[in-house]
Amino acid sequence: MVELSEEQIKALQAKLQQIAGLPPEEQNKKAMEMLSPEEIEFLKSQQQGGGQCIFCRIAKGEVPAKTIYEDANFLAFLDINPASPGHTLFITKEHVQILPQLSDELGAEALNIIKKLATAVFEGTNAQGINIMQNNGSVAGQAVPHIHFHIIPRFEDDKLKLDWDPIKLSDEQFNEVQKRISEKAKDIGKKVVYDMSGKMIEEKKTKKEEPKKPEEMPRVRRRRA
Ligand code: AMP
Ligand code: ZN
């Protein structure tokens with residue numbers, strides 16, 4: 001297994017951040033240019049959970065956990081330091097670090113299971129509410145670098161603090177941040193299909209058509225009985 005020093009990991013993280021800022025179709029090519037063979041090997045071993053990742057070890061059964069649910073791709077178990085009784089973690093068995101790295105297929109499957117799991121946690125704990133939390137990156141409070149969703153049952157007067165003090169933004173700041181994010185979000189619903197030679201042959205938005213307003217609908221005359 002490839003080991004990197006702390007310094008080398010920091011340098012690798014800086015490169016990965018640079019690569020993450022590129023359009024998805026350029027990322028692979030740039031990664032091959034920028035990363036050394038050792039760095040690529042290191043990333044592979046991390047992805048395969050070959051490192052010391054605690055959640056990979058739980059998924060492999062090497063570290064015990066209080067399992068709530070398991071299937072071929074996912075595992076849910078009780079958090080060892082719960083925010084409330086029944087605090088459950090839902091993970092992929094595959095070592096994926098953060099949400100954007102999750103495949104569309106696993107992501108869709110995950111949401112479907114989380115929905116049902118949240119109901120099980122809610123009913124199994126007689127909770128009055130549920131918070132679902134998912135931290136990405138250490139700045140966001142992610143301590144374990146293996147994707148996980150917190151399912152936290154809530155009870156009246158549980159005194160749990162998950163809220164924030166709102167900041168003030170000017171209209172300009174709202175507009176600016178809206179512009180920047182919506183620009184990045186504009187292709188999310190695009191479906192691109194390639195032919196056998198790799199040429200793009202179809203592109204369509206998946207956005208649903210807005211329902212017509214009543215005044216735009218054609219009038220239908222009722223027949224008299
Ligand atoms: P996060 O801060 O979002 O990365 O959350 C990581 C969570 O994993 C924390 O709430 C920890 O209590 C929990 N955790 C860490 N190690 C274990 C373990 N061995 N078994 C169960 N939960 C764990
Ligand atoms: Zn892992």
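**Core, sheet and ligand shell**

Trainee: Which residues does Ile151 touch, not counting residues up to four places away in sequence?
Mentor: Contact requires that the C-beta atoms of two residues, placed from the backbone, lie within 7 Å. Leaving out residues up to four places away in sequence, Ile151 touches Thr88, Phe90, Leu117, Ala118, Val121, Ile130 and Ile132.

Trainee: What kind of model is this?
Mentor: Residues are numbered from 1 along each chain as its sequence is written, while chains are lettered from A and ligands numbered from 1 in the order in which they are written. Local features need pLDDT of at least 70, side-chain atom pairs count only at pLDDT 80 or more, and totals for chains, interfaces and linings use all residues; the model is predicted.

Trainee: Which elements give two or more residues to the largest nonpolar core?
Mentor: Such a core is a set of buried Ala, Val, Leu, Ile, Met, Phe, Trp, Tyr and Cys residues joined through C-beta atoms within 7 Å. Buried means 20 or more other C-beta atoms within 10 Å of a residue's own, exposed 12 or fewer, and partly exposed in between, with C-beta atoms placed from the backbone. The core has 20 residues, and Leu75, Ala76, Phe90, Ile91 and Ile151 touch the most other members. Its contributors of two or more residues are helix H4 (54-59), E2, E3, H5 and E5.

Trainee: Which strands stand at the edges of the sheet?
Mentor: Helices (H or I, at least four residues) and strands (E, at least two) are DSSP runs numbered from the N terminus, and strands pair if DSSP finds at least two bridges between them. The open sheet of five strands is antiparallel, in the order E1-E2-E3-E5-E4. Two strands have a single partner each, so one side of each is left without a neighbour in the sheet: E1 and E4 (129-133).

Trainee: How many residues are in the hairpin that joins E1 to E2?
Mentor: E1 (residues 67-70) and E2 (residues 74-78) run antiparallel and are joined by three bridges. Tyr69 stands opposite Ala76, and Glu70 opposite Leu75. The hairpin goes from E1 to E2 through three residues.

Trainee: Is Glu38 exposed or partly exposed?
Mentor: Glu38 lies in helix H3 (residues 37-47). Its C-alpha atom is separated by 8.3 Å from that of Leu4, 34 residues apart along the chain. Because Glu38 has 13 C-beta neighbours inside 10 Å, it counts as partly exposed.
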